[in-house]
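Student: Hey, can we go through this structure together? I'd like to start with charges and rings, then get on to pockets.

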Amino acid sequence: MPVIIKNTSSNGLSIGLWEITESYSEILKMAGLSSEEKATLNSFKNENRRLQWLAVRVLLGEFINPRPAIAYMENGKPYIPGSDIHISISHSGNMAAIALHRINLPGIDVELIHPKINKIATRFVNDEGMSFLKQDTLTEQLCIVWAAKEVLYKVYTEGMLSFKENITIAGFHLADQIELQGTIHKGVLNKSYKLLSRKIKNYVLVHTID
């Protein structure tokens, strides 16, 4: 079964994670695309990108039937046309994830744990943010920090943010499941969020809690 996580919390937040094990033809059939969606799919040249795009839509169908379309705002953030349900999506490698909520704007991010994150660490973590990271677990911790900052970027609706200067993640001890605290600082805004990080296979999944 490709669904690894499919749950809805008491506060109405739905979280789904799909592991892509199907062939392209199998997942295409499962998606049941409209003609407009087929045109969008055919615009992607990379087959892995097509698989991820399809998996997000199949996963959405696990929560809403009939499955609605996903559209995108000018800033690239997804929404469901004609619906009061807010959506956040993410994909990495062979994983696709979604978060849904009727009231709050959710955020979700899934990341493959890969050493390449170390090469770009200085682009999204300042000296203070690096202080609690440990060398022997640096790659995984950096992936969690990156994913958490991606989540906060997704829930911010007032323009652009600098991952390094406008978003901070409080120190944490590495574990398979971690409650994180992240804060967005920009102008007079200083807003904190509770996030949940989970290690699943060789990935980290981070999403809002409320």
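Tutor: Sure. A charge sits over a ring if NZ of Lys or CZ of Arg is within 6 Å of the ring centre and within 35 degrees of the ring normal. Keep in mind that this is a predicted model.

Student: OK, so which residue lies over the face of F44?

Tutor: That's R49, at 4.6 Å from the ring centre of F44.

Student: And what sits over the ring of Y153?

Tutor: The charged end of K77 does, 5.6 Å from the centre of that ring.

Student: Let's switch to rings meeting rings. How many aromatic pairs does the structure hold?

Tutor: There are 5 aromatic pairs. One of them is F124 with W146, and their ring centres are 5.0 Å apart, with 75 degrees between the planes.

Student: What do we call that arrangement of F124 and W146?

Tutor: Edge-to-face, because planes over 60 degrees apart count that way.

Student: Where in the chain are those two?

Tutor: F124 is in helix α4, residues 121–124, and W146 is in helix α6, residues 138–155. They're 22 residues apart, and the pair links distant parts of the chain.

Student: Is F124 buried or exposed?

Tutor: F124 counts as buried, because its relative accessibility is 1% and the cut-off for buried is under 20%.

Student: Which residues form one aromatic cluster with F124?

Tutor: W146, Y153 and F163 join F124 in that cluster. Y153 is also the residue whose ring has the charged end of K77 over it.

Student: Now pockets! How much space lies in the largest pocket?

Tutor: About 470 Å³. It's lined by 26 residues, and the closest to its centre are G76, K77, P78, I89 and K154.

Student: Which element gives the largest share of that lining?

Tutor: β5, with 6 residues. Elements that each supply at least two lining residues include α3, β7 and α6.

Student: What's the mix of classes in the lining of the largest pocket?

Tutor: You get 12 nonpolar, 8 polar and 6 charged residues.

Student: And what about the second largest pocket?

Tutor: That one has about 250 Å³ of space. Of its 14 lining residues, L105, V155, K191, Y193 and T208 are the closest to the centre.

Student: Which strand supplies the largest share there?

Tutor: Strand β10, residues 189–200, which gives 5 residues to the lining of the second largest pocket. By class, that lining divides into 6 nonpolar, 4 polar and 4 charged residues.

Definitions and conventions. Residues are numbered from 1 along each chain as its sequence is written. This is a predicted model: local features need pLDDT of at least 70, side-chain atom pairs count only at pLDDT 80 or more; totals for chains, interfaces and linings use all residues. Side-chain values use heavy atoms; hydrogens and water are left out. Rings of Phe, Tyr and Trp (its six-membered ring) pair if their centres lie within 6.5 Å; planes under 30 degrees apart count as stacked, over 60 as edge-to-face and the rest as tilted. Helices (H or I, at least four residues) and strands (E, at least two) are DSSP runs, numbered from the N terminus. Buried means under 20% relative accessible area, exposed over 50%, partly exposed in between (1.4 Å probe, protein chains only). On a 1 Å grid over the protein atoms alone, a cavity is a set of points where a 1.4 Å probe fits but cannot get out, and a pocket is an open set with protein on both sides within 12 Å along at least five of seven lines; lining residues have an atom within 4 Å of a point. Grid points are joined across faces, edges and corners, and a volume is the space filled by probe spheres set on the points. Ala, Val, Leu, Ile, Met, Phe, Trp, Tyr, Cys and Pro count as nonpolar, Asp, Glu, Lys and Arg as charged, and the others, Gly among them, as polar.
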